[in-house]
Amino acid sequence: MPRETLLPKKEKSDFTAEDLWRQDISRIFENWKKHFKDYSIQQIVEKLNIRSCSMQQIAEVLTTHGEKAFRAKQIWQWLWQKGITNFNEMSNLSLKTRQFLDEHFILQTGELTHKQESEDGTTKLGLTQPDGALIECVLIPGRDKATACVSSQVGCKLRCSFCATGGLGFTRDLQPEEIFDQVVTVKRLAEERGMPLTNIVFMGMGEPLLNYDNVLAAIDRITAEDGLGMSPYRLTLSTSGIVEGIRRLADDGVRFNLAVSLHSAVNATRDRIMPVNRAYPLPQLAEAIKYFVDKTGTRPTFEYLLLRDVNDSLEDAKALAQFCRQFPVKINIIEYNEVDNAPYRHSPDTHRDAFVRFLESKNIVVNVRRSKGRDIDAACGQLANKNRRS
Ligand code: SF4
């Protein structure tokens, strides 16, 4: 049934909360119907999501139905090395085996519904999931590398005031396969353009350490030899500073890089722009970072978004230099992509240069990251935000 027929004919402003709720349910239902059009309700309930099964579980299902167990390894390679989206793509399996898989498992992937390309080649992609959730990921081309920026949640609970995702609120965590699919999608696009995907950053929508298990399961598939086989050293997880999560990463002995979105080393300023700081103030964050450095022997990166007249003064640079004396770190200064609903502005070049010069005078390693994709909605959450408003 088309959506309009479910709704009374009213002006937009006349809709009640119930109308809007019905509208949302209707949209989710239409998406599910489209995605599972070849399945009965009974089948959807009974079938297993093949990508939430281990290879051992797939082998068990195969053998209990008289299929050969060794097929599980072939299936596994199609799923996690090649990132296929349909059982029919498993070309070294017989038609009978593919039909068997179709009868017993569901292989569900998002649909590429949005694509925005910037003049600098940065390309933002939107994958719409069966429940209607829109997941954003970005291809960021460099001189000799291509980076995938991926999301870990739909929306975010943390409401950083400079971030478009923060204004969206939180919908749900992403599943490991939904995170994996973003990497595969960006990788394919990079390869189509003649660039191998070299780096992955978890800097899209959401706080990865609030979806710890699913993010680490996805990273396992991305880095495993029987997965995409990417080096963990090419992968960076960025957190807003979830202290328990940082300690857990240290205890788990992770080999990928850690970035902390610091954005201010002044508690009062950080409280204002990142409410998460009220739960985990800078001294607690510093202790967790020290713990991580001691346990892993690695040097984290601080991400520092320069916001005009908020955190870009010489006093702010001094506080940052002081904070950095506690551990070996490097700093990425990031130019701000202005977003529609945030009250912040891009910091002038003169402020940025003075800020960087001061840090360098204190022997701190600083990189300035030029803003990419300014002519598209490349900041995380902007695409989903626009999509929700339209
Ligand atoms: S910056 Fe990151 S942690 Fe903060 S609201 Fe945006 S997505 Fe969430």
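Two strands pair if DSSP finds at least two bridges between them. The views below show a predicted model.

**View 1. Strand S10 is enclosed by the rest of the structure.** Strand S10 spans residues 235-239, and 5 of its 5 residues are buried, so this strand is largely enclosed by the rest of the structure. In a regular strand, side chains alternate between the two faces of the sheet. Leu235, Leu237 and Thr239 point one way from S10, whereas Thr236 and Ser238 point the other way. The residues on both sides are buried.

**View 2. Strand S10 pairs with strand S11.** The two strands run parallel and are joined by 4 bridges, with S11 covering residues 257-261. Thr236 has Asn257 in S11 as its bridge partner. Helix H9 (residues 243-251) belongs with S10 and S11 to a right-handed β-α-β unit.

**View 3. Strand S10 pairs with strand S9.** Strand S9, made of residues 199-202, pairs with S10 in the parallel sense over 3 bridges. Opposite Leu237 in S10 stands Phe202. A right-handed β-α-β unit is formed by S9, helix H8 (residues 212-223) and S10.

**View 4. Residues surround the ligand.** Which residues come nearest among the 12 around the ligand? They are Cys156, Cys160, Cys163, Thr165 and Gly166. Sorted by class, the shell around the ligand holds 6 nonpolar, 4 polar and 2 charged residues.

How values were computed: Residues are numbered from 1 along each chain as its sequence is written. This is a predicted model: local features need pLDDT of at least 70, side-chain atom pairs count only at pLDDT 80 or more; totals for chains, interfaces and linings use all residues. A residue is buried if 20 or more other C-beta atoms lie within 10 Å of its own, exposed if 12 or fewer, and partly exposed in between; C-beta atoms are placed from the backbone. A crossover is right-handed if, with the strands pointing away from the viewer, the path from the first strand over the helix to the second runs clockwise. A residue is near a molecule or strand if its C-beta atom, placed from the backbone, lies within 6 Å of it. Ala, Val, Leu, Ile, Met, Phe, Trp, Tyr, Cys and Pro count as nonpolar, Asp, Glu, Lys and Arg as charged, and the others, Gly among them, as polar.
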